[in-house]
Amino acid sequence: MQRRTLALVAANALVGAAVVLGVAAPANAAQDSAALVTNLTYSDSGASQYASEIAQAASIWNSAAPNVRITKATAGQRVNIRIVSDPGWPQAQLGPVRSSQTLQIWFGKQAVDQGYNKVRIITHEMGHTLGLPDRRTGLCSDLMSGSSAPVSCANAQPSSAERSQVQRNYANGLAQQEAPLTVIIKDAA
Ligand SMILES: [Zn+2]
């Protein structure tokens with residue numbers, strides 16, 4: 001009996017080592033695979049005038065939620081977050097986006113024209129694709145308060161609660177599973 005227990009401990013240790021190396025672990029090892037990272041790509045080719053702000057937003061989320069790694073798609077690579085410019089208010093399809101899926105963000109020029117911070121706009125919309133809903137708290141310290149915060153708000157960093165929610169959304173590689181139907185979040189003043 002003692003010998004059998006030791007064998008199980010050894011097997012678990014091997015699974016843990018595989019996760020650290022970034023090797024996909026079997027589904028029944030999900031509780032040991034908190035280090036799994038979901039790699040996501042974005043395309044800014046439909047909103048190239050905002051390429052700098054979009055890259056900043058991806059960088060902010062990569063730091064804030066290490067369970068996801070968002071990089072610009074290379075030629076021929078599957079796009080998970082497609083960003084297009086749009087004359088209206090910003091919109092996004094609600095995630096958490098799976099690595100097998102493509103969700104869209106409409107980078108609405110109307111919000112830009114009204115003076116809202118462009119990095120905050122796109123980081124907020126990316127928050128939707130990572131599974132965060134709007135919370136119109138009016139607080140600049142909340143990213144998902146969106147346009148309920150003052151126009152002058154330039155904060156593009158998610159709050160600790162918002163970071164934790166995205167971390168939970170992508171814990172254990174959950175968002176690599178089959179995608180549900182998505183809805184579109186329409187932002188407006
Ligand atoms: Zn929103």
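**Questions on a predicted protein model**

User: In which helix is arginine 163 found?
Analyst: This model is predicted, and the chain in it comes to five helices and six strands. Among these elements, the one in which arginine 163 is found is helix H5.

User: Is arginine 163 buried, partly exposed or exposed?
Analyst: A residue counts as buried under 20% relative accessible area and as exposed over 50%. Arginine 163 has a relative accessibility of 28%, which lies between these limits, so arginine 163 counts as partly exposed.

User: At what distance does a polar contact join the side chains of arginine 163 and glutamine 157?
Analyst: Leaving aside residues up to four places away in sequence, arginine 163 touches Ala64, Gln157 and Pro158. With glutamine 157 there is a polar contact between the side chains. The length of this contact is 3.4 Å.

User: Which pattern does the protein chain follow along the sequence?
Analyst: The chain has five helices and six strands. Written with α for a helix and β for a strand, their order along the sequence is α-β-α-β-β-β-β-α-α-α-β.

User: What percentage of the residues of the protein chain count as buried?
Analyst: A residue is buried when its relative accessible area is under 20%. The protein chain has 189 residues, and the share that counts as buried is 44%.

User: How far apart are the end C-alpha atoms of helix H2, and why does that agree with its 14 residues?
Analyst: Helix H2 covers residues 51–64. At 1.5 Å a residue, its 14 residues should span 20 Å. The end C-alpha atoms agree with this expectation, because their separation is 20 Å.

User: Which helices are among the elements that cover the buried residues of H2?
Analyst: The buried residues of H2 are Glu53, Ile54, Ala57, Ala58, Ile60, Trp61, Asn62 and Ala64. What covers them includes strands E1, E2, E3 and E5. The cover also includes two helical elements, namely H4 and H5.

User: How many of the twelve residues of H4 are buried?
Analyst: H4 reaches 17 Å from its first C-alpha to its last, close to the 16 Å expected. The buried residues in H4 include Val119, His124 and His128. H4 is mostly covered, and of its twelve residues the number buried is eleven.

User: Which residue caps the N-terminal end of H4?
Analyst: A side-chain oxygen of the capping residue lies 3.1 Å from the backbone nitrogen of valine 119. After H4 comes glycine 131, whose phi is positive, near 105°. The cap at the N-terminal end is provided by asparagine 117.

User: Which residues coordinate the zinc ion?
Analyst: The distances from the zinc ion to its donor atoms are 2.0 to 2.4 Å. In sequence, the donor residues follow the spacing H-x3-H-x5-D-x52-D. The histidines donate through NE2, the aspartates donate through OD, and Asp187 is listed twice. The donor residues are therefore His124, His128, Asp134 and Asp187.

User: Is aspartate 134 buried, partly exposed or exposed?
Analyst: Histidine 128, another donor to the zinc ion, is buried, with a relative accessible area of 0%. Aspartate 134 has a relative accessible area of 25%, between the limits of 20% and 50%, and so is partly exposed.

User: Why is the pair of tyrosine 50 and phenylalanine 107 described as it is, and what is the angle of the planes?
Analyst: The structure holds two aromatic pairs. In this one the ring centres are 3.8 Å apart, and the pair is stacked because the angle is under 30 degrees. The pair links tyrosine 50, in the loop between E1 and H2, with phenylalanine 107, in strand E5, 57 residues apart. The angle between the planes is 15°.

User: What is the centre to centre distance in the aromatic pair of tryptophan 89 and tyrosine 116?
Analyst: The pair is edge-to-face, with 65° between the planes. Tryptophan 89 lies in the loop between E3 and E4 and tyrosine 116 in the loop between helix H3 and H4, so the pair ties together parts 27 residues apart in sequence. Tryptophan 89 and tyrosine 116 are buried. Centre to centre, the distance is 6.0 Å.

User: How far apart in space are threonine 182 and leucine 94?
Analyst: Threonine 182 is placed in the loop between H5 and strand E6. Among the residues that threonine 182 touches are Leu94 and Gln101. Threonine 182 and leucine 94 are 88 residues apart in sequence, but from C-alpha to C-alpha their separation is 5.9 Å.

Notes. Residues are numbered from 1 along each chain as its sequence is written. This is a predicted model: local features need pLDDT of at least 70, side-chain atom pairs count only at pLDDT 80 or more; totals for chains, interfaces and linings use all residues. Side-chain values use heavy atoms; hydrogens and water are left out. Helices (H or I, at least four residues) and strands (E, at least two) are DSSP runs, numbered from the N terminus. The expected span of a helix is 1.5 Å times one less than its number of residues. Buried means under 20% relative accessible area, exposed over 50%, partly exposed in between (1.4 Å probe, protein chains only). Contact means heavy atoms within 4.5 Å. Donors are N, O and S atoms within 2.8 Å of the metal (3.2 Å for Na, K and Ca); water is not among the atoms, so sites may look incomplete. Rings of Phe, Tyr and Trp (its six-membered ring) pair if their centres lie within 6.5 Å; planes under 30 degrees apart count as stacked, over 60 as edge-to-face and the rest as tilted. A polar contact is a pair of N or O atoms within 3.5 Å; within protein, one must be able to donate a hydrogen and the other to accept it, and residues adjacent in sequence count only if both atoms are side-chain atoms.
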